[in-house]
Amino acid sequence: MRSPKQTRRSLFFVTLGAFLTARRFAAAQEDQPGSSDRPRKGDLLVISEGDRAGALIVPDDVKLGEAPLHAWPKDAKTSVVRNGSRLNEILLIRLDPGEMDEETRSRSAEGIVAYSAICTHAGCSVTGWLKSDVGDKDVLKCFCHNSEFNPRESAQVVFGPAPRRLAPLPLAIADGSLTIAATFVGKVGAQQGG
């Protein structure tokens, strides 16, 4: 019979082995050629976090009224997930098309819009989805310096120090999956100093 100390030691090494294997797999994925390339027309979208990370996104995955779904682009030909740069992370939100301005509607697919997940102020991740400080609709919010972006109007800044909108990413639907219809519109991320 094993002592409790031996059992804990065995459990530790099994857990450590699993952790190191997962880290090697993640590092291998991020080091693949093309993983740092910006999203391209024809790329698919996959979930970037949680228990479904890596799953292909279909329109029904993005629900009206729910918080944004975080996604990575995935090369449809090579299956390389473009997760080698945080600038590639995308926010997907389903909105009522009747509430979108014409520019936003033209880039949407079945009411789903996509934006860069990187704030244009200091490059923090945009993680909030809550009522605006200046209105009654939910907005995208960066908690680093409280910038807010209206996803119904091409993610224009509605509050805070961000100097410009989040970069929109035009979408399409092909073979039942969300795909990228064109590259980011505008610069992704924060202004560079200097």
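1. Let's start with the sheet. Strands 5, 6, 7 and 8 make an open sheet in the order 5-6-7-8, with antiparallel pairing. The edges belong to strand 5 and strand 8 (156–159); each has a single partner strand, so one side of each is left without a neighbour in the sheet. From one strand to the next, the twist averages 45°. Keep in mind as you read on that this is a predicted model.

2. Zooming in on one edge of that sheet: strand 5 and strand 6 run antiparallel and are joined by 4 bridges. If you want a pair to click on, Leu 130 has Val 139 in strand 6 as its bridge partner. Gly 135 sits in the loop between these two strands, 5 and 6. Is Gly 135 buried or partly exposed? With a relative accessibility of 41%, Gly 135 counts as partly exposed. Its C-alpha atom is 9.0 Å from that of Val 158, although the two residues are 23 apart along the chain.

3. Now for the whole chain, so you can place that sheet. The protein chain has 2 helices and 10 strands. Reading from the N terminus, the order of elements is α-β-β-β-α-β-β-β-β-β-β-β. The chain has 194 residues, and 42% of them count as buried. Take the contacts between residues at least 6 apart in sequence: 54% of these join residues at least 24 apart. As for the outside, the accessible surface is about 10300 Å², and carbon and sulfur atoms account for 54% of it.

4. Cysteines next, since you will probably ask about them. How many disulfides does a search of the whole structure find? The search turns up 1 disulfide. Cys 124 and Cys 144 form it, with their sulfur atoms 2.2 Å apart. The torsion about their S-S bond is about -105°, which means the disulfide is left-handed. Cys 124 is in the loop between strand 4 and strand 5 (128–131), while Cys 144 is in the loop between strand 6 (138–142) and strand 7, so the pair ties together parts that are 20 residues apart in sequence. The two partners fall into separate accessibility classes: Cys 124, at 17% relative accessibility, counts as buried, whereas Cys 144, at 41%, counts as partly exposed.

5. There is another pair of cysteines to look at, Cys 119 and Cys 142. Why is there no bond from Cys 119 to Cys 142? The closest cysteine sulfur to that of Cys 119 is in Cys 142, and at 3.9 Å it is too far for a bond. Cys 142 is accordingly in no disulfide, its nearest cysteine sulfur being that of Cys 119. Both residues are hidden from solvent by the numbers: Cys 119 counts as buried at 1% relative accessibility, and Cys 142 counts as buried at 2%.

6. Ser 147 is a handy residue for linking these points. Ser 147 is found in strand 7 (residues 147–150), and at 1% relative accessibility it counts as buried. Leaving aside residues up to four places away in sequence, Ser 147 touches Cys 119 and Cys 142, along with His 121, Leu 140, Lys 141, Phe 159, Gly 160, Pro 161 and Ala 162.

7. On to the packing. The largest nonpolar core has 18 residues, and those with the most contacts inside it are Leu 45, Ile 57, Val 62, Ile 90, Leu 92, Leu 171 and Leu 178. Two or more residues each come from strand 1 (44–47), strand 2 (69–74), strand 3 (90–94), strand 4 (112–116) and strand 10 (177–180). A second core, separate from this one, has 17 residues, including Ile 93, Cys 119, Leu 140 and Ala 155.

8. Last, the C-terminal pair of strands. Strand 9 (residues 171–174) pairs with strand 10 in the antiparallel sense over 4 bridges. The two form a hairpin with 2 residues between them, and Asp 175 in the turn has a positive phi of about 55°. Leu 171 has Ile 180 in strand 10 as its bridge partner. Which way do the residues of strand 10 point? Ser 177 and Thr 179 point one way and Leu 178 and Ile 180 the other, and all are buried.

Conventions
Residues are numbered from 1 along each chain as its sequence is written. This is a predicted model: local features need pLDDT of at least 70, side-chain atom pairs count only at pLDDT 80 or more; totals for chains, interfaces and linings use all residues. Side-chain values use heavy atoms; hydrogens and water are left out. Buried means under 20% relative accessible area, exposed over 50%, partly exposed in between (1.4 Å probe, protein chains only). Contact means heavy atoms within 4.5 Å. Accessible areas come from the Shrake-Rupley method with a 1.4 Å probe; for residues, only the protein chains shown count as cover. A nonpolar core is a set of buried Ala, Val, Leu, Ile, Met, Phe, Trp, Tyr and Cys residues joined through side-chain atoms within 4.5 Å. Two strands pair if DSSP finds at least two bridges between them. A disulfide is a pair of cysteine sulfur atoms within 2.5 Å. Axes are lines fitted to C-alpha atoms, for helices over the stretch in contact, and angles run from 0 to 180 degrees between N-to-C directions.
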